Amino acid sequence: MIGKFRCSAVLSLSLIVSAQQSRGPQTPKGPPETFTSSAIERSYSGGAAVPSRRTQTRTESNGREVVTEVTETLGIDGKMKPSLETTSETVRTAADSTQTKREVFAPDAQGRRRVVETTQIDTQTLPGGASRSVANTWVPDVNGRLSLSGRQVQEVKSPSANVTQTDITIFLPGVNEPLFESERVKTTERKVSKDVTQTESTRTVRDGNGRWQTAETRNEEVKVTGNERVAEETVRRTNINGTLSVSERTVTRQTKGQGQDETVTEKYLENLPGVPSASGRLELSQRVRSTTTSTADGGQQTIREVEERNPVSPNAPMRVTTRTVDTVRQVGPNQWEVQRQVFALDGNGRLVPILTEKGQGTAKPGTTK
């Protein structure tokens, strides 16, 4: 993804509920956006993988926020043991500055807790709504000593009214120098009108001779009409001839209704295997439909279906290959139960359950939507 810094991520069930709830006087507020603590257990159908458990705690005090996430997996002795731990601490270092330190720990061959990655992000707010952040990441070398493995510098400014510019520079270790500038991403967002926003992004990288070359451009237009939001993004990448050509287009349509929100994303690609197309024509490759419905008790359910082409018969109609059902319901004051079920196609083309995640989350009083 453009502009995303190269660092490892922890795979987990997201407990952030993004759909907005109806605000009528008789409608419950709905689940919180984040939990102060949560515990999720993951199991696989038919023992396809090792069960796991993820716990997360979040504390805030005097401008300091600490989020700790621990993933446990089943050991050979049948007991749950920590396999990954991530700690993120954010503090306000000055009136216009914050610092975030993120550490990732994993057990070594002897089961001892060891740092596998450390990232520190320093962010400063500047006059006129501008900001600058520097993210440094360290990983252990062959001797176990932490060494700088990358840096990302992000600068945000508004050169004129209704225009926001974001410049991202990525530095990576060089052969004869600690870090060198390896990638640039320049993004400009323009508010064309009350209902239309346009975004242009250009990604440049160094070629084998150290010269800057455009590798990718992205152009997105977002239109909002009533309860509908439509975003269309076109991606151009450098082809084998060294010129930019359209390689991908994504159209996302979001609609909000009374107690139900729906998002449909369609992705079009060029040169799909087995699908004949005219030169330069993009073919529908994937459709993702997500529907979030509010429940009478203040909870909600989200059903996400992924439709794709059959690789054996690419000209056949698209079919649902994955279905994910997320359910959040209140079980007590500031207590919520969360569940995720994932279904995938088996060898007979039927959707069968492959993964289940269950757990509970605790919310801060007054943080429901």
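**Briefing on a predicted all-strand chain**

Asparagine 162 sits in the loop that lies between strand E8 (146-160) and strand E9 (163-172). The model in which this loop appears is a predicted one, and its protein chain has zero helices and 20 strands. The points below take up the chain as a whole, then two hairpins, and then two loop residues with a backbone angle that calls for comment.

**The chain as a whole**

- Of the 369 residues in the protein chain, 33% are buried, and the chain exposes about 21500 Å², of which carbon and sulfur atoms supply 49%.
- Among the contacts in the protein chain with a separation of 6 or more, 32% are accounted for by residues that stand 24 or more positions apart.

**Strands E5, E6 and E7**

- Strand E5 (residues 97-107) and strand E6 (residues 113-125) run antiparallel and are joined by eleven bridges, and within this pairing phenylalanine 105 is placed opposite valine 115 in E6.
- E5 and E6 form a hairpin with five residues between them, and in its turn glycine 111 has a positive phi of about 85°.
- E6 also pairs with strand E7 (residues 131-140), again in the antiparallel sense, through eight bridges, and here aspartate 122 is found opposite valine 134 in E7.
- The hairpin of E6 and E7 likewise has five residues between the strands, and glycine 128 in this hairpin adopts a positive phi near 75°.

**Two asparagines with positive phi**

- Most residues other than glycine have a negative phi.
- Asparagine 162, although it is not a glycine, has a positive phi of about 65°.
- Is asparagine 162 buried or exposed? With a relative accessible area of 54%, asparagine 162 is exposed, because the cut-off for that class is over 50%.
- Asparagine 334 is another residue other than glycine with a positive phi, in this case near 60°, and its place is in the loop between strand E18 (319-332) and strand E19 (335-345).
- The relative accessibility of asparagine 334 is 26%, so this residue counts as partly exposed, a class that lies between the limits of under 20% for buried and over 50% for exposed.

Notes: Residues numbered from 1 in each chain as written. Predicted model: local features only at pLDDT ≥ 70, side-chain atom pairs only at ≥ 80, totals over all residues. Heavy atoms only, no water. Helix = DSSP H or I, 4+ residues; strand = E, 2+ residues; numbered from the N terminus. Buried < 20%, exposed > 50% of the residue type's maximum accessible area, 1.4 Å probe, protein only. Contact = heavy atoms within 4.5 Å. Areas by Shrake-Rupley, 256 points an atom, 1.4 Å probe, with all protein chains shown as cover. Pairing = 2+ DSSP bridges.
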